[in-house]
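Let's take a walk through this one together, starting with strands and ending at a pocket. Have the viewer open and follow along.

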Amino acid sequence: MMMLTAAPLSGQGAVKKPVAKAPAKAAPAKPAELSPAITSPTDTLTSKFDVAGIPVILRRVSANNVVAANLYLLGGTRQLTAANQGIETLLLEASERGTAKYPRDLLRTKMAQLGSAIGVSANADWTTISLRATTTGLDSTWAILADRVMAPRLDPAEVELVREQFVTATRQRKDSPDALLDYLADSIAFSGHPYALEPTGTEQSLTSITTADLKAYHASQFVTSRMMLVVVGNVSRTKVEKLVRETLGRMPKGNYAWTLPDPPAELPSAYVVEKRTLPTNYLQGYFHGPKATSKDYPALRLACAVLSGRLFAEVRGRRNLTYSVNAPFVERAFSLGGLYVTTTQPDEVLTIMQQQITSLREGTITTDGLERLVQQFIVTYFLDNETNADQANMLARADLYQGDFRRAAQFVEELRAVTPEQIQQAARTYMGKVRWAYVGDPSKVTPARMLRF
């Protein structure tokens, strides 16, 4: 049984990840835009060009013989409706079971011989079909990826098998407390916004999508104006241009134009409760942050890191109330900050969370402490972007969210430019109006405590 509750006159909401609340008297200042004057090392390895109407970002990396190529179908949940959630990922996964040039068994045999990988993933802003291959296997692997995008067979029997896998996965989401929590939290955080839709679908939507629907969606939505390609590896521009021009470049152009999504509506604190008999309880709340082009974006990122460290020290280290607690920062066109914990004593943890947010709003961290934190971020940043595939995603986020792939190279400088006062202001401005999701024993949590944020 699921209960959705909100404060009187506050409307209903759905849960997401942790957030902190701004003081009642302080009106949030309008976020300033990032200054293009910030300097960064010249990126001589990366270039951007157009091939048959498809923007391509290429980073030459000669340190290894692996090529990562990510094709982004832009729009994400804004392309979907409540009735067809999951249609794009269902279509792309079904394409693995046969295309015009590659029947299912031949496709699988060739992929096994090549030792390459093609994967599909979806998020709120785009769907990615990605390729990982050696330089010698790139041409053959690209031919398969391109045919999966251009000419999937979509045989009804094969589509039905893939659909069953998708529906089973959505049902299993209810069996995993963390997966259920994340789904509920995302839904409540973006109530009424396209981000509230599930890019991989729901049981109801997946069951209703027909093979004819998939074919109609492919005909209307698989157009080059929705595409962006990012390639990282030891491959020349000439090679990339040839591969694209002879395959995807022949697809219809369409009339799609990428824009950042509209900001989500300002919603009051609210919560959703899913009753479960579990050894522990799961709690996650989200608050809305600034858009990716705002100066506040790196400041809130660091504010969440500071809060995460303090919660870990207090909730787990000193009081031993959990094995997992943090304050995540979610990168999207419009960022999210959050609060997450699994605990047998959610009321006590909620009190601590509110205390730590108040402390962050009312005080400033030391300059030395901030320098150590930024240095940890830098180390993690480079570790997280070691692979060609990670670098491709980093370049795509910078280009689509901030308007220029070169913003990726400015990450370190932007973090180092943040001051303790900006972190404090970010906490005051954004850490409030938390939208909560709770999975566990309803008698263990007091609704009023969640609504105080």
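How many bridges join strand 2 to strand 3, and do they run parallel or antiparallel? Strand 2 (residues 46-51) and strand 3 run antiparallel, with six bridges joining them. Keep in mind as you look around that this is a predicted model. The two strands form a hairpin with two residues between them, and Ala52 in the turn has a positive phi of about 55 degrees. Right beside that turn, Val51 has Ile54 in strand 3 as its bridge partner.

Stay with strand 3 for a moment. Strand 3 covers residues 54-60, and five of those seven residues are buried, so the strand is largely enclosed by the rest of the structure. Besides its hairpin partner, strand 3 pairs with strand 7 (residues 227-233), this time in the parallel sense and over five bridges. If you want a spot to click on, Val56 has Leu229 in strand 7 as its bridge partner.

Leu229 is a handy place to step across to strand 4, since Leu71 stands opposite Leu229 in strand 7. Strand 4 and strand 7 pair in the antiparallel sense over six bridges. Strand 4 (residues 66-74) also pairs with strand 6 (residues 126-134), again antiparallel, over nine bridges. There, Leu73 stands opposite Thr127 in strand 6. As for cover, eight of the nine residues of strand 4 are buried, making the strand mostly covered. One thing to bear in mind while you trace these strands: in a regular strand, side chains alternate between the two faces of the sheet.

Now for a loop. Ser116 is found between helix 2 (104-114) and strand 5 (117-122). Is Ser116 buried or exposed? Its relative accessible area is 13%, so Ser116 counts as buried, the cut-off being under 20%. The Ser116 side chain makes a polar contact of 2.8 Å with the side chain of Thr141. Setting aside neighbours within four places in sequence, Ser116 is in contact with Met111, Arg132, Ala133, Gly137 and Thr141.

Next, jump along to strand 9 (residues 281-291), where you'll find Tyr286. This tyrosine is buried, with a relative accessible area of 2%. A polar contact of 3.4 Å joins its side chain to that of Gln284. Which residue, 51 places away in sequence, has its C-alpha 5.7 Å from that of Tyr286? That would be Gly337.

Strand 9 also gets helix 14 (residues 420-430) as a packing partner: the buried residues of helix 14 pack against strand 9, helix 9 (296-318), helix 10 (346-362) and helix 11 (367-384). The buried residues in helix 14 are Pro420, Ile423, Gln424, Ala426, Ala427, Thr429 and Tyr430. It helps to recall that an α-helix has 3.6 residues a turn, so residues three or four places apart point the same way.

Over in helix 9, have a look at Glu314. Charged though its side chain is by class, Glu314 counts as buried, at 14% relative accessibility. Leaving out residues up to four places away in sequence, Glu314 touches Arg319, Ile352 and Gln356.

Helix 12 (388-402) brings us to Tyr401. Tyr401 is buried, with a relative accessible area of 6%. What does its side chain find for a polar contact? The side chain of Asp125 is the partner, at 2.6 Å. Asp125 is 276 residues away along the chain, yet the two C-alpha atoms are separated by 9.7 Å. Not counting residues up to four places away in sequence, Tyr401 touches a list of residues that includes Asp125, Trp126, Leu260, Ala292, Thr293 and Glu331.

Glu331 leads on to the last stop, the second largest pocket, which holds about 510 Å³ of space. This pocket is lined by 22 residues, and the closest to its centre are Arg301, Glu331, Tyr381, Arg397 and Phe411. Helix 9, helix 11, helix 12 and helix 13 (411-416) are the elements that give two or more residues to the lining. Which of them supplies the largest share? Helix 12 does, with seven residues. By class, the lining has 11 nonpolar, four polar and seven charged residues.

Notes. Residues numbered from 1 in each chain as written. Predicted model: local features only at pLDDT ≥ 70, side-chain atom pairs only at ≥ 80, totals over all residues. Heavy atoms only, no water. Helix = DSSP H or I, 4+ residues; strand = E, 2+ residues; numbered from the N terminus. Buried < 20%, exposed > 50% of the residue type's maximum accessible area, 1.4 Å probe, protein only. Polar contact = N/O pair within 3.5 Å; in protein donor to acceptor, adjacent residues only side chain to side chain. Pairing = 2+ DSSP bridges. Contact = heavy atoms within 4.5 Å. 1 Å grid on protein atoms, 1.4 Å probe; cavity = no way out; pocket = protein on both sides within 12 Å on 5 of 7 lines; lining within 4 Å. Points joined across faces, edges and corners; volume = space filled by probe spheres on them.
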